Structure formats: C-alpha cells, structure tokens
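Subject: A structure for you to look at

Hello,

I am passing a structure on to you, together with some notes on what turned up in it. Please open it first and keep it beside you while you read.

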Amino acid sequence: MLKIQVIIGSTRENRFSEKAASWIFEEAKKRPELEVELVDLRDYDLPFFDQPMSPKMSDGKYTNEIAKKWADKIGEADGYIIVSPEYNHGYSAVLKNALDWVYKEWNQKPVGFVSYGGVGGARAVEQLRLVAIELQLMPIHTSINIPWNVYMAVIKPSEDNTEDPYESLETTKTTFLDQLTWATKALKAAR
C-alpha cells in the first residue's frame, strides 16, 4: 500500500479547504493501491518558525514538541496531496509555516496540489512548487485548480441541482491521481 496524506492547508473558520480536501480524499480512497489519510493543520498548533537552525541542518532533531509530532506524522507518508487556498496571489501563511518546520521527512516524496481562489489557485500552486522543490519534494505535473463556478456550487448548493459540483474536474482528477500514484510507487521503490 502507498500511504498518501491529504493536508488541509488552511485553518480559517468556515474554510473551503476542508470541502475540497474531503472530496479529493474520497476520490483517492477509491484507488485500491492507496491508503489515504486526512491531515488537518488545526491539529498541529505550530508556532511561527523561530528555531536557531534550519530543519535542513538539524538532521530531524526537532526541539519543539508540536514540531516533533508534526515531523512524525509527515514522515509516515509516501506522498502528499496539499489542498491550498490562494490568498493575495500566494498560499496561506499557516501552510508555509508547516512546510518550513520539517525537512528530511518531505525528501524524495511526490506531492500534488489542489487549490482554489483567484484563477483557481494557480498562483498559489506556482509558489508551492518552488518551495516543494527546495524541500526535495517532487511535484507532479498536473494540479487541480478549482474554478469559481465549482467553488460556488460547493459552498452554495442549489436545491434543484443534483449534479456533482466536481463533475467538470473528472478528467483532471483522474490524471492527477494517476500521476501521483505512479510517482509514489517509483519514489518509494527508489527510497
């Protein structure tokens, strides 16, 4: 089995991240080769990163107890799906902080991004790809950028509309999960 964590990248009240994460979590669970877990940043009240040494240099020795718990959780996975909002052309500060607290636990593992916001969260994903590469994560090619009409259909469902609001993302979702599964198998074997 390949262990995939779906990370909810926002801690805001009434966040959309939870809805998008639940959707991709349920879709990924349909893959027999994947063991999928939802990981909520609300469960890891990390302080802003303030350590005297970069996690890259600490060789996995974290002094903060919450950071140790976070590192242990991240270390369990073979790959990741990060669900991120787009705030002011970037991703959330709480997600950046969570990424920065650990290092070696991310290394040589694939990551895919599900985003929403302005232009479907594409600018947040663009920035996340750069950070992921520095953490030695391997971003897959396809991302799922949730367009405004899907976002609105999810947060304000119409009583007379019984269609799945994510239906228009079916092809992208399939490609995304195919790429993530392939990359996870390849990188797990190589590690």
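Below is a short tour of helix packing, the nonpolar cores and a few single residues. Please keep in mind that this is a predicted model.

**Two helices that pack**

A good place to begin is the pair α1 and α6, which cover residues 17-29 and 170-190. As general background, two packed helices are described by the angle between their axes and the distance between the axes. For α1 and α6 the angle is about 60° and the axes lie 11 Å apart. Their crossing is right-handed. On the α1 side the contact is made by W23, I24, E27 and A28, and on the α6 side by K173, F176 and L177. Sorted by kind, the residues of this contact are 5 nonpolar and 2 charged, with no polar ones.

**Two helices with a buried face**

Which residues of α2 are buried? In this helix, they are A67, W70, A71, K73 and I74. Looking down the axis of α2, you will find these buried residues within an arc of 160°, so they line one face of the helix. E65 and D72 sit on the other side of α2 and are exposed. The cover over the buried residues of α2 includes β1 (2-8), β2 (34-40), β3, α3 and β4.

Helix α5, residues 148-155, can be read in a similar way, with V150, Y151 and V154 buried. Down the axis of α5, the buried residues fall within an arc of 100°, so they too line one face of their helix. W148 and N149, on the other side of α5, are exposed. The partners of the buried α5 residues are α1, β4 (109-116) and β6 (144-146).

One general point helps when you view such faces: an α-helix has 3.6 residues a turn, so residues three or four places apart point the same way.

**The nonpolar cores**

The largest nonpolar core has 30 residues, and the members that touch the most others are I7, W70, Y80, L99 and W106. At least two residues of this core come from each of α2 (65-75), β3 (79-85), α3 (93-101), β4 and α4 (122-134). Which of the elements gives the most to this core? That is α4, with 5 residues.

W70 is worth selecting on your screen. Setting aside residues up to four places away in sequence, W70 touches I7, V39, L41, Y44, L46, A98, W101, V102 and W106. There is also a second, separate core of 29 residues, with A21, I24, L34 and I81 among them. You have met I24 already, in the contact of α1 with α6.

**Contacts between residues far apart in sequence**

I140 lies in the loop between β5 (137-139) and β6. Is I140 buried or exposed? With a relative accessible area of 6%, which is under the 20% cut-off, I140 is buried. Its C-alpha is 6.4 Å from that of L180, although I140 and L180 are 40 residues apart in sequence. Not counting residues up to four places away in sequence, I140 touches P110, V111, G112, R129, F176, Q179, L180 and A183.

T172 belongs to helix α6 and counts as partly exposed, at 28% relative accessibility. Between T172 and I144 there are 6.5 Å in space, C-alpha to C-alpha, and the two are 28 residues apart in sequence. Beyond its neighbours within four places in sequence, T172 is in contact with T142, S143 and I144.

E18, in helix α1, is partly exposed as well, at 36% relative accessibility. Leaving aside neighbours within four places in sequence, E18 is in contact with I8 and R42.

**Two loop residues with a positive phi**

In general, most residues other than glycine have a negative phi. Where are N14 and V119? N14 is in the loop between β1 and α1, and V119 is in the loop between β4 and α4. The phi of N14 is positive, near 55°, and that of V119 is positive too, near 40°. N14 is exposed, with a relative accessible area of 73%, and V119 is exposed at 58%.

I hope you enjoy looking through it.

Best wishes

How values were computed
Residues numbered from 1 in each chain as written. Predicted model: local features only at pLDDT ≥ 70, side-chain atom pairs only at ≥ 80, totals over all residues. Heavy atoms only, no water. Axes fitted to C-alpha atoms, helices over the stretch in contact; angles between N-to-C directions. Helix = DSSP H or I, 4+ residues; strand = E, 2+ residues; numbered from the N terminus. Left-handed = near helix turned anticlockwise from the far one by under 90°. Contact = heavy atoms within 4.5 Å. Nonpolar A, V, L, I, M, F, W, Y, C, P; charged D, E, K, R; others polar. Buried < 20%, exposed > 50% of the residue type's maximum accessible area, 1.4 Å probe, protein only. Arc of directions from axis to C-beta. Core = buried A, V, L, I, M, F, W, Y, C linked by side-chain atoms within 4.5 Å.
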